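Dear colleague,

I am handing over the model we spoke about, with the sequence alongside. My notes on the ligand site and the backbone come after it.

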Amino acid sequence: MKDTTKHQGLRRQLMETLRKKGISSAEVLQVMTTIPRHFFMDPGLVNFAYEDQAYPIAAEQTISQPYTVAFQSQILEVAPHHKVLEIGTGSGYQTAVLLGLTPHVYTVERQQELFKKTQRLFSQLNLRPKKNVFGDGYKGLPDTAPYDRIIVTAGAPKVPKELLQQLVVGGKLVIPVGVKEHVMFRFTKTSEKIFDKESFGNFRFVPLLNDKN
Ligand code: SAH
């Protein structure tokens, strides 16, 4: 796959759209300007890579809308020394954006097919998350906890307590919560048992699935 000047132009236009929709983080926009989203799309849909829309990928999942990726990345407030856990690798696009913000990225996906796909894609693109794991993100990733930041990219019916536990004090969890419609929440761990909770409006995600569904 190639990243042509045409793709780069479309990407700059998309960043302008995101800016107009309220994305203000210079770091996030800069990183997203450099990542070819068409590398992460289903082959039949590459022409839509620079539309601000979610699209189907394998295993009935979706690549998140660029606005959503930018918004979650922005409110996650990632610094270059942060250790970040992503739940829901999916296409790997959000993982690539996180890797533009910090080298310390851990990502978990529960669909075998997508996990295998991103394993190949990451090595082709020379993207190196510290860990790319096949597993159930409801449980977080205890072996390498704690994390400074955790981002969930699927809609959670409730907030998994394991994720809150696996944050450092001062750490943040960004998670869409709900059943059909999701509200974006950011939890900040202010002490071992106390969390500050902020909400950021409605979004729509594919569901975060557990062992039973
Ligand atoms: N970040 C992705 C979003 C993919 S959609 C992207 O930009 O492409 C959400 C992803 O979460 C899907 O791939 C889905 O399979 C995955 N997922 C759902 N439940 C999960 C769970 N319990 N643990 C880990 N991943 C899960």
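Below are the conventions, then the ligand site, then the backbone.

This is a predicted model, in which local features need pLDDT of at least 70, side-chain atom pairs count only at pLDDT 80 or more, and totals for chains, interfaces and linings use all residues. Residues are numbered from 1 along each chain as its sequence is written, and side-chain values use heavy atoms, with hydrogens and water left out.

The ligand is surrounded by 26 residues (a heavy atom within 4 Å of it), and the closest are S91, E109, D136, G137 and L209. By class, this shell has 10 nonpolar, 12 polar and 4 charged residues, where Ala, Val, Leu, Ile, Met, Phe, Trp, Tyr, Cys and Pro count as nonpolar, Asp, Glu, Lys and Arg as charged, and the others, Gly among them, as polar. A backbone N or O atom of L209 lies 2.5 Å from a nitrogen atom of the ligand, while for R110 a backbone N or O atom lies 3.4 Å from a ligand nitrogen atom. Taken alone the ligand exposes 570 Å² (Shrake-Rupley method, 1.4 Å probe), and the protein buries 100% of that.

As for the backbone, a cis peptide bond, with omega about 0 degrees, joins A145 and P146. Two residues have a positive phi although neither is a glycine: A59, at about 55 degrees, and N126, at about 60 degrees. Because its relative accessibility is 22%, A59 counts as partly exposed (from 20% to 50%, 1.4 Å probe, protein chains only), whereas N126, at 52%, counts as exposed (over 50%).

Best regards

Definitions and conventions:
A polar contact is a pair of N or O atoms within 3.5 Å; within protein, one must be able to donate a hydrogen and the other to accept it, and residues adjacent in sequence count only if both atoms are side-chain atoms.
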